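Me: I would like a close look at one part of this model, namely the contacts between its side chains. Please take the aromatic rings as the starting point and then go on to the charged groups.

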Amino acid sequence: MSRPTVRVVVDSGVLVEDAKKEKSAKIVMEIIRKSPEMVIIASMPLLDEAQKVIETDLGGELAKKWREDIEGICEIIDHVEGDHPALASAYVGNAQHIISRDGRLTNAKAGVAIRTKIETSVKRPDAFVKLFENII
């Protein structure tokens, strides 16, 4: 019997934190990479956003390598231009979780509003780790 797939959007800020080796973001990505049941859903605008910051903060060569690596593990989706990259990726990609530190997404009011449109929950990296830490 196969286990259900867990579809996850990792917001650009958390992707940048992972590239910078921030502890909770690195653990989030380690959990996702080690779990064959988890799939990262991302749009090109979401990845572009993260790559720009990585390039500015860590250099072009590292940003290019990061982009090649991340595209290799993501399911890339398309969404309407101008939409919030993480929300649109979750909506189009039918993601169960969005991992973000963006206060516009993680507050209770936003959570209620998001759930009226899509069946997803927004979690801060530490909360996601607590939920799935048994994987690593």
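How many aromatic pairs does the structure hold?

Reply: This is a predicted model, and the structure holds 1 aromatic pair. The partners are Phe-128 and Phe-132, whose ring centres lie 4.8 Å apart and whose planes meet at 45°, so the pair is classed as tilted; that angle is neither under 30 degrees, as stacking would require, nor over 60, as an edge-to-face arrangement would. Both residues belong to helix H8 (residues 125-132), where a spacing of 4 residues separates Phe-128 and Phe-132 by about one helical turn. As to their surroundings, Phe-128 is buried, at 0% relative accessibility, and Phe-132 is buried as well, with a relative accessible area of 14%.

Turning to the charged side chains, the structure holds 10 salt bridges, among them the one that joins Glu-75 to Arg-7, with 2.7 Å from N to O. This pair connects distant parts of the chain, since Glu-75 sits in strand E3 (residues 74-77) and Arg-7 in strand E1 (residues 6-10), with their positions 68 residues apart in the numbering. The two ends differ in exposure: Glu-75 is partly exposed at 32% relative accessible area, whereas Arg-7, at 17%, is buried, because the cut-off for buried is under 20%.

Another salt bridge is formed by Asp-48 and Arg-67, whose closest N and O atoms are 2.8 Å apart. Asp-48 lies in helix H3 (residues 44-58) and Arg-67 in helix H4 (residues 60-73), so this contact ties together parts that are 19 residues apart in sequence. Here, too, the acidic partner is partly exposed, with Asp-48 at 33% relative accessibility, while Arg-67 is buried, with a relative accessible area of 10%.

Helix H4 also contains a salt bridge between two of its own residues, Lys-65 and Asp-69, which are 4 residues apart and therefore separated by about one helical turn; the closest N and O atoms of Lys-65 and Asp-69 are 2.9 Å apart. In this case Lys-65 is partly exposed, with a relative accessible area of 47%, and Asp-69 counts as partly exposed at 38%.

Finally, salt bridges can also be followed beyond a single pair, for Glu-17, Glu-22 and Arg-101 are linked in a network of such contacts.

Conventions:
Residues are numbered from 1 along each chain as its sequence is written. This is a predicted model: local features need pLDDT of at least 70, side-chain atom pairs count only at pLDDT 80 or more; totals for chains, interfaces and linings use all residues. Side-chain values use heavy atoms; hydrogens and water are left out. A salt bridge is a side-chain nitrogen of Lys or Arg within 4 Å of a carboxyl oxygen of Asp or Glu. Buried means under 20% relative accessible area, exposed over 50%, partly exposed in between (1.4 Å probe, protein chains only). Rings of Phe, Tyr and Trp (its six-membered ring) pair if their centres lie within 6.5 Å; planes under 30 degrees apart count as stacked, over 60 as edge-to-face and the rest as tilted.
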